[in-house]
4 protein chains.
Amino acid sequence: MNWISASTTAQDGDLILLIGLKQRYFIFPLSTGGIFQTHRGVINHNEIIGQTWGSEIQSHNGSPFYLFQPGIEELIKTTKRNTQIMYAKDIGYILLKLNIVNGTKVIEAGIGSGSLTQVIAAIIGNEGHLYTYEKRSETQNLAKKNLKRLSIQNRVSFIEKDIGNGFDQNSIDSIFLDVPNPYDYLDNVKKALVPGGFFGCLLPTTNQVVKLLNEMRRKNFACVEVSETMLRYYQTEETKLRPTDRMVAHTGYLVFGRPVIKESLSDNNE
Amino acid sequence: MNWISASTTAQDGDLILLIGLKQRYFIFPLSTGGIFQTHRGVINHNEIIGQTWGSEIQSHNGSPFYLFQPGIEELIKTTKRNTQIMYAKDIGYILLKLNIVNGTKVIEAGIGSGSLTQVIAAIIGNEGHLYTYEKRSETQNLAKKNLKRLSIQNRVSFIEKDIGNGFDQNSIDSIFLDVPNPYDYLDNVKKALVPGGFFGCLLPTTNQVVKLLNEMRRKNFACVEVSETMLRYYQTEETKLRPTDRMVAHTGYLVFGRPVIKESLSDNNE
Amino acid sequence: MNWISASTTAQDGDLILLIGLKQRYFIFPLSTGGIFQTHRGVINHNEIIGQTWGSEIQSHNGSPFYLFQPGIEELIKTTKRNTQIMYAKDIGYILLKLNIVNGTKVIEAGIGSGSLTQVIAAIIGNEGHLYTYEKRSETQNLAKKNLKRLSIQNRVSFIEKDIGNGFDQNSIDSIFLDVPNPYDYLDNVKKALVPGGFFGCLLPTTNQVVKLLNEMRRKNFACVEVSETMLRYYQTEETKLRPTDRMVAHTGYLVFGRPVIKESLSDNNE
Amino acid sequence: MNWISASTTAQDGDLILLIGLKQRYFIFPLSTGGIFQTHRGVINHNEIIGQTWGSEIQSHNGSPFYLFQPGIEELIKTTKRNTQIMYAKDIGYILLKLNIVNGTKVIEAGIGSGSLTQVIAAIIGNEGHLYTYEKRSETQNLAKKNLKRLSIQNRVSFIEKDIGNGFDQNSIDSIFLDVPNPYDYLDNVKKALVPGGFFGCLLPTTNQVVKLLNEMRRKNFACVEVSETMLRYYQTEETKLRPTDRMVAHTGYLVFGRPVIKESLSDNNE
């Protein structure tokens, strides 16, 4: 159905995650006869095939690795990237705010390396669909490649187009724009969305948020929310429980809203 | 497929969201002849039926409301509760860490009012399944009721049982425990999970985290993570952009891990 | 020297802090024959006089109170206020950034109830001096009253004047403006400061910060810093160590800088 | 009086701060004939002597530097260190919580490189005094050297002694311990403090906080507070106002309390 196998053991063709010392992550598909090489030694794929998930596997020089099926957070954390990435802390909250669930029809633009693309595709199922706008074909190719290993590429349509010229779809449930100037596209967003649909953005600076809020007010968006998420990791030694020394301080401001039909002059919801 | 209608207008039987002044949320199913009453006036359901989503509707005394289909975040924010609630900021991150996507088989225990239940059920689709353990039948009934309005109750099995006696399933992909003493159930968790599956908890105090970390180490969990999420809202006036005065400072510490098979004596992944 | 007595017991005239049940704070001067009344009962000042600091004192109906000399943080936390207050988390950092130490000459404007006034006066000693600008005489009177109980009013000059008309001093080491439009006063700030002196502000909104940064650049301020402080309290039960449920999310953005003499065209320090 | 000169120009013997490109800080005393060398070129001290504070000075190869008198925050930020440092965000708050003002008598132990030592000495004036306990003479020498350049070393007594053997002073107003096991020294703390005095600690882990809270309860400390401070910096470009990408996530938990005399059996202040 997707990249997760129902078998309790690793098989030829499975997407696997090896975790080595110092929490180093390696994700790749198993193939009979293949060879996995790191600076901590070599493992033949054939030695992995047939092993139970969760097993410890050793490289030729004795360095240990754990064998897993990769979860979606591990996938996006290790996604090859050529641009700014999106973090799990933001993606998880965006999913809920934009009502991205089984069956949702979604547009995203400004996809970067496709972290969000992978998560949305994994969630909406075959009943939903994701339309991904990206005008740089190089970026799009990387996102396609990242997606393909999850065996869910049929749920996503990649569209190489400037969204200033409008979206090709309508009756879309949710739209997420990861672009620097979302305030320029609100009319196109409203045309593509179902009435009262869900709209969201991620913006690095307060100046952009100010401009977007102004434009959302003018274009009749309600349920407007500006928020930011933070994630603080702890060291996992039980005798020395404490936060890690440093953390990501800022990824971006999240802005959400839903278009409304304003016939009257009332100043509702403000 | 779920509670979201494909129609552009509200119809008899639809689950609707009305948002009144001061961002007051009301979620209920439309039924011909029904009456919606608040302290801001009365609206006959018949006046709502046939209105386009996103429209403004006025009560008999002129108080304005916006008409929407409720998204999952709006649903959990307004869920009737008799216990501690779970917040969207945590739920979103848990989904990613536990790889809860289309098709995932999930166990949760300690469901409260069923916020997480609703989200998981909305995401896994008919291809997945959620087994919900809760020994207090009153709590379970509230969660069932909250879930039923989403028309996805077929994806969830409610089980009234003390999890100290084990889970009835095995080959489960992901298990989330919202109970005060998860360290007492790790053996049962491992029996129910697929090899290398995903395990997570939410714990209010550092003392509980310390006990759980100790037990997870003894029971051979790898990929151990302790983290906390924070969400900061901003006021949405574009000329006065600033965080709100107060915020939720703490909901709980999140702890995640994946069981491994430790045959050797090596101290891997620590 | 200030409000702290060298005696180990409370004496007539001492400023005292009584802490009752539920951490209720009461700060007042002891006077022979005086009476302290709360809804938890009555205590005659004469019963307090002669008691050792740290003692437990009971009201006529048996309600317990602890007797202390008030520290500066306790003083500002309980200061009577008619405006927005300043928090210890911000004040402490401001002191260091503006080099407010023994002997510093300081100007502050927009004093509110005088929280910062009290702290600065307590720190600079008789070797320093604080010039406090406030055009509303009512506000100034409250600040004066709050200061007087600390017996250090001789270190502060209150000036009732609009700072748009300039400051009366020059050769000031450090200037702090708690006003909504500090960008309008930078020329006056530079005239009053010693060359290369310390300047700081507290501003609630990002819009104000943007305007101030722009003006500081134009007026040749270097060492520019924008920051915000947060303080998270924990519950103090050792078996349930955890943050409190809610916290102050925002008091204001702190902006600091030092004026420089820019003769050349170089774009230093940016 | 301290290291700050009243002159508007830099003179022989002054402690100066030069800030070069990329916010590089250099603090050193001016001396006739001296030479300042960096990888951005050479400046003769004689070229600096007589320059107005805030002036731009160029090295022999044209690299620009701003000339300032160093403030206390700049001093501690650049203090030479051989151990964990203390941050301004914590120091500022500690000053207020421990009532460290003009005239306060203070003990500190576990001084590291003497960041806190410098700040306390700068604030208490000649009317106060600081007793600094540190058993490693190497550490103590570094702290002494760091302090000496501020010309306020007369306010500090360095004591080379294990605090497990008690403090040599009594009638101390405020005690701060930066040691891993403060719970072992509470009896000695109480002996050295004035009745009802101020006590504080900085502890990295929750486990230590739990142990300290337990001991403070047993040893009758009231006004107990556990808190943590955070400081978030912003980028200072006014057209791109946003937090910096990364931040310090954790320095330590602050714990404060005041000893009380508990004669009765009542459970006050909890």
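## A tour from the core to the chain contacts

Begin in the interior of this predicted model, where the largest nonpolar core has 163 residues, and where C:Ile123 and D:Ile123 are those with the most contacts inside it. In soluble globular proteins, nonpolar side chains tend to be buried together. Select D:Ile123 and display what surrounds it: leaving aside its neighbours within four places in sequence, D:Ile123 is in contact with C:Val101, C:Asn102 and C:Ile123 from chain C, and with D:Leu95, D:Ile100 and D:Val101 from chain D. A second, separate core has 161 residues, and to find it you can select some of its members, including A:Leu147, A:Val189, A:Ala222 and A:Tyr234.

Stay with chain A and switch to a cartoon view. An open sheet of four strands appears there in the order β2-β1-β6-β5, with antiparallel pairing. Its edge strands are β2 (25-29) and β5 (56-58) of chain A, each of which pairs on one side only, and the twist from one strand to the next averages 35 degrees. Within this sheet, select β1 (residues 15-19) and β6 (residues 64-68) of chain A, which pair in the antiparallel sense over three bridges; one place to look is A:Ile19, whose bridge partner in β6(A) is A:Tyr66.

For a smaller motif, move to chain D and select residues 35-38, which form strand β3, together with residues 41-44, which form strand β4; these two strands pair in the antiparallel sense over four bridges. A hairpin joins β3(D) to β4(D) through two residues, and D:Thr38 has D:Gly41 as its bridge partner in β4(D).

Next, show chains A and B together. How many residues of chain A are in contact with chain B? There are 71 residues of chain A in contact with 71 residues of chain B. Several elements of chain A give two or more residues to this side, among them α3 (88-97), α4 (115-124), β11 (193-203) and α7 (206-218), but β12(A) gives the most, with 13 residues. Coloured by class, the side of chain A that touches chain B has 36 nonpolar, 23 polar and 12 charged residues.

Now select residues 221-235 in both of these chains, and you will see β12(A) and β12(B) pairing in the antiparallel sense over nine bridges. Along this pairing, A:Tyr233 stands opposite B:Ser227 in β12(B).

The two chains can also be compared as whole objects. A turn of 180 degrees, with a shift of 0.0 Å along the axis, lays chain A on chain B with an RMSD of 0.1 Å, and that is the relation of a two-fold axis. To place this axis in your view, select A:Gly92, which comes closest to the rotation axis of the residues of chain A, with its C-alpha at 1.9 Å. Because 100% of the interface residues of chain A are also interface residues in chain B, the copies meet through the same surface.

The last stop is where chain C touches chain B, a contact that takes 17 residues from each of the two chains. On the side of chain C, at least two residues each come from α7 (206-218), β13 (242-243) and β14 (246-248), and β14(C) gives the most, with three residues. This side of chain C has six nonpolar, six polar and five charged residues. Finish by selecting residues 246-248 of chain B, its strand β14, which pairs with β14(C) in the antiparallel sense over three bridges; there, the bridge partner of B:Val248 in β14(C) is C:Arg246.

Definitions and conventions: Residues are numbered from 1 along each chain as its sequence is written. Chains are lettered from A and ligands numbered from 1 in the order in which they are written. This is a predicted model: local features need pLDDT of at least 70, side-chain atom pairs count only at pLDDT 80 or more; totals for chains, interfaces and linings use all residues. Copies are superposed by least squares on the C-alpha atoms of residues with pLDDT of at least 70 in both. Two residues are in contact if their C-beta atoms, placed from the backbone, lie within 7 Å. A nonpolar core is a set of buried Ala, Val, Leu, Ile, Met, Phe, Trp, Tyr and Cys residues joined through C-beta atoms within 7 Å. A residue is buried if 20 or more other C-beta atoms lie within 10 Å of its own, exposed if 12 or fewer, and partly exposed in between; C-beta atoms are placed from the backbone. Two strands pair if DSSP finds at least two bridges between them. Axes are lines fitted to C-alpha atoms, for helices over the stretch in contact, and angles run from 0 to 180 degrees between N-to-C directions. Ala, Val, Leu, Ile, Met, Phe, Trp, Tyr, Cys and Pro count as nonpolar, Asp, Glu, Lys and Arg as charged, and the others, Gly among them, as polar.
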